[in-house]
Amino acid sequence: MISWNVRGLNDPRKRLVVRNLLREWKCDVVCLQETKIASMNRQLVCSLWGCPYVDWAVLEADRTAGRYFAYVGQKGFG
């Protein structure tokens, strides 16, 4: 399990770095804080996770600009 304050994921280059690190760490549960992404969709989640077999949830930030996402996927990153 990984819990990480990513301090924004709007930059595609930063998302690539996050994806590569998640692949290297081979974790099954990922919690990302302060993503600052206004709208999360399946395509973006799968691009971060690297595998289509993922479920996710979002917790809206209260009076702040950040957001909290939790990903749960199956073993074996793509």
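**Two lysines, one helix and a core**

At 38% relative accessibility, K36 counts as partly exposed, since it falls between the cut-offs of 20% for buried and 50% for exposed. This comes from a predicted model, as does everything that follows. K36 sits in the loop between β2 and α2, and its phi is positive, at about 60°, even though K36 isn't a glycine. That's worth a pause, because most residues other than glycine have a negative phi. K26 also has a positive phi without being a glycine, this time of about 50°. Its place is the loop between α1 and β2, just after α1 ends. With 65% relative accessibility, K26 counts as exposed, because exposed means over 50%.

Stepping back to the whole chain, there are 2 helices and 4 strands, and reading along the sequence gives the pattern β-α-β-α-β-β. Of the 78 residues, 37% count as buried. Among contacts with a separation of 6 or more, 62% link residues that are 24 or more positions apart. As for the outside, the chain exposes about 4,900 Å², and carbon and sulfur atoms supply 54% of that area.

Now for helix α1, which runs over residues 12-25. Its 14 residues reach 20 Å from the first C-alpha to the last, close to the 20 Å expected at 1.5 Å a residue. At the start of the helix, D11 leans in: one of its side-chain oxygens comes to within 2.9 Å of the backbone nitrogen of R13. Which residues of α1 are buried? They are R15, V18 and L22. Looking down the axis of α1, these buried residues fall within an arc of 60°, so they line one face of the helix. The face turned away from that buried side carries the exposed residues R13 and E24. On the inward side, the buried residues of α1 pack against three elements: strand β1 (2-5), strand β2 (29-33) and helix α2 (42-49).

One of those buried residues, V18, turns up again in the largest nonpolar core. This core has 17 residues, and the ones touching the most other members are L9, V18, V30, L32, M40 and L48. The elements that give two or more residues to it are α1, β2 and α2. The largest share, 5 residues, comes from α2. Both α2 and β2 are also among the packing partners of the buried residues of α1, so to speak, the neighbours already met above.

Conventions. Residues are numbered from 1 along each chain as its sequence is written. This is a predicted model: local features need pLDDT of at least 70, side-chain atom pairs count only at pLDDT 80 or more; totals for chains, interfaces and linings use all residues. Side-chain values use heavy atoms; hydrogens and water are left out. The expected span of a helix is 1.5 Å times one less than its number of residues. Buried means under 20% relative accessible area, exposed over 50%, partly exposed in between (1.4 Å probe, protein chains only). The arc is that of the directions from the helix axis to the C-beta atoms. Contact means heavy atoms within 4.5 Å. A polar contact is a pair of N or O atoms within 3.5 Å; within protein, one must be able to donate a hydrogen and the other to accept it, and residues adjacent in sequence count only if both atoms are side-chain atoms. A nonpolar core is a set of buried Ala, Val, Leu, Ile, Met, Phe, Trp, Tyr and Cys residues joined through side-chain atoms within 4.5 Å. Accessible areas come from the Shrake-Rupley method with a 1.4 Å probe; for residues, only the protein chains shown count as cover.
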